[in-house]
Amino acid sequence: MKTWLLTGNEKLELREVPVPSPGADQVLVKVKAASICNRTDLVAFLYNENPVEFFGYKLPSPDDFGYEWVVRSPLYLDHFGHEITGIVEKVGKDVKRISVNDRVFLRSPIRSTTYSGFSEYVLAWEYATAQLPANLTFEEGVLGELLPIAIGAARHIKTGDYVGILGQGPGGLMITQVARIQGAAKIIVADKYEKRLKLAKELGADCTVNVTKENIEEKVKDLIGAKDLEGDGLDVVIDAVGTPDVLRECVRLVRKGGTVSIFGTHHLEPVIIDLVKWEEKVITVTMSNEASKEEIEERLEKARSLLAAGVIKTKPFITHVLKLAELPQAFILLKDSPGEVVKIVLTP
């Protein structure tokens with residue numbers, strides 16, 4: 001089979017490798033669609049051992065922290081290519097829920113040093129595999145990978161809450177929809193790109209903020225009718241970007257006793273935080289990802305149900321469809337035109 005491997009900064013190589021065989025509790029999936037993660041995959045593509053700058057954010061040196069920190073490099077393949085749908089070709093002897101010829105979407109495939117998720121075939125653990133609802137195409141279903149994490153990001157939202165979601169890439173847009181299902185009274189979202197903000201409004205956001213033109217703190221004060229954000233603020237604020245400045249903004253926007261949920265992955269370096277501010281506001285900080293195999297399987301089933309019911313939309317995310325052979329061009333497109341790209345889907 002053919003697989004794309006990273007060989008350095010902005011360097012991809014298409015290789016021919018053997019089709020892997022599933023273990024006892026694994027399945028072999030023939031890939032029908034894959035998409036590029038706008039965060040993890042792009043970071044892997046752009047930066048290797050010596051990153052300098054990420055989207056205008058100057059990266060610190062290890063000396064700034066007084067200890068060693070590790071940047072996940074392109075050669076660290078545990079996440080490269082993880083948004084996938086396909087058809088099951090083989091199953092291991094202990095697999096019970098999944099059958100040959102099932103249409104599936106994955107929470108994550110199994111990667112190795114010899115093949116990535118951008119391949120003709122992938123392996124997956126049974127617990128990280130779910131049946132793709134019949135009402136979705138393979139291209140539409142590939143966004144299902146984000147939904148379990150979006151469910152995790154929004155799990156503390158209660159009926160009537162005022163919610164902020166910073167970042168309206170594919171992950172943020174998915175969270176916006178889940179927040180509405182959770183019963184949020186008002187949803188305010190922020191991003192740099194008008195295309196994404198327009199889509200967020202169509203998918204359930206009440207108020208949008210273009211952070212290149214508007215002050216989000218002033219917008220939040222207007223929304224909740226407060227003079228300051230020292231005690232007042234939003235009930236739940238979600239970081240759907242993954243940069244230090246965004247996380248610190250989440251803390252400023254949340255009310256006293258509120259919750260900050262981290263969805264955006266902070267790949268590049270440790271984040272300096274103001275624990276005194278956290279203490280003053282008595283905030284709860286949570287992560288969005290799952291803590292166990294059982295939780296992955298449970299959230300995948302919730303995601304499947306939501307997708308099957310049609311209450312979560314994925315088709316509007318897809319701005320570009322390219323062939324898997326065009327993966328290098330797809331990465332350059334995402335790198336050079338982030339304002340025009342919401343999600344790139346690749347087909348065989």
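**Salt bridges and local environments in a predicted model**

Arg107 and Glu290 are both buried. In this predicted model, the two side chains form a salt bridge with their closest N and O atoms 2.8 Å apart. Arg107 belongs to the loop between β7 (103-106) and β8 (121-125), whereas Glu290 belongs to the loop between β15 (284-287) and α9 (293-309), so the pair ties together parts that are 183 residues apart in sequence. The search of the whole structure finds 23 salt bridges.

The protein contains 10 helices and 17 strands. Its radius of gyration is 20 Å, close to the 20 Å given by the globule rule for 348 residues, so the protein is as compact as a globular protein of that length. The C-alpha trace spans about 60 × 50 × 35 Å along the principal axes. Of the 348 residues, 54% are buried. Among contacts between residues at least 6 apart in sequence, 70% join residues at least 24 apart. The accessible surface amounts to about 15100 Å², and 52% of this surface belongs to carbon and sulfur atoms. Charged side chains number 43 positive and 49 negative, with the centres of the two sets 4 Å apart.

Two further salt bridges were examined within helices. In the first pair, the side chains of Asp245 and Arg248 meet at 3.0 Å, N to O. Both residues lie in helix α7 (residues 244-253), where a spacing of 3 residues separates them by about one helical turn. Asp245 is partly exposed, with a relative accessible area of 45%, and Arg248 is also partly exposed, at 27% relative accessibility.

In the second pair, a salt bridge joins the side chains of Glu295 and Arg299, again with an N to O distance of 3.0 Å. These residues are 4 apart in helix α9 and are therefore separated by about one helical turn. Glu295 has a relative accessible area of 24% and is partly exposed, whereas Arg299 is buried, with a relative accessible area of 4%. Elsewhere, salt bridges that share partners join Arg107, Glu145 and Glu290 into one network.

Helix α7 also holds Glu249, which counts as buried at 14% relative accessibility. Not counting residues up to four places away in sequence, Glu249 touches Leu166, Ile216 and Glu217.

A second buried glutamate, Glu140, was considered with respect to its charge. Glu140 lies in helix α2 (residues 138-141). This residue has no salt bridge, and the nearest side chain of opposite charge, that of Lys315, is 4.3 Å away. The cut-off for a salt bridge is 4 Å between a side-chain nitrogen of Lys or Arg and a carboxyl oxygen of Asp or Glu. Lys315 is nevertheless in contact with Glu140, as are Asn135, Thr314 and Ile318, when neighbours within four places in sequence are left aside.

Trp278 is located in helix α8 (residues 275-281). With a relative accessible area of 19%, Trp278 is classed as buried, because the cut-off for burial is under 20%. Beyond its neighbours within four places in sequence, Trp278 is in contact with Val251, Ile273, Ile283 and Val285. Trp278 and Arg252 are 26 residues apart in sequence, and their C-alpha atoms are 9.4 Å apart in space.

Backbone geometry was examined at two loop residues. Asn101 has a phi near 80 degrees, a positive value in a residue other than glycine. Asn101 is found in the loop between β6 (83-91) and β7 and is exposed, with a relative accessible area of 59%. Val282 likewise is not a glycine and has a positive phi of about 50 degrees. The loop between α8 and β15 contains Val282, and the relative accessible area of 52% places Val282 among exposed residues.

Key:
Residues are numbered from 1 along each chain as its sequence is written. Side-chain values use heavy atoms; hydrogens and water are left out. The radius of gyration is taken over C-alpha atoms; the globule rule is 2.2 Å times the number of residues to the power 0.38. Buried means under 20% relative accessible area, exposed over 50%, partly exposed in between (1.4 Å probe, protein chains only). Contact means heavy atoms within 4.5 Å. Accessible areas come from the Shrake-Rupley method with a 1.4 Å probe; for residues, only the protein chains shown count as cover. Lys and Arg count as positive and Asp and Glu as negative; His and the chain ends are not counted. The place of a charge is taken as NZ of Lys, CZ of Arg, CG of Asp or CD of Glu.
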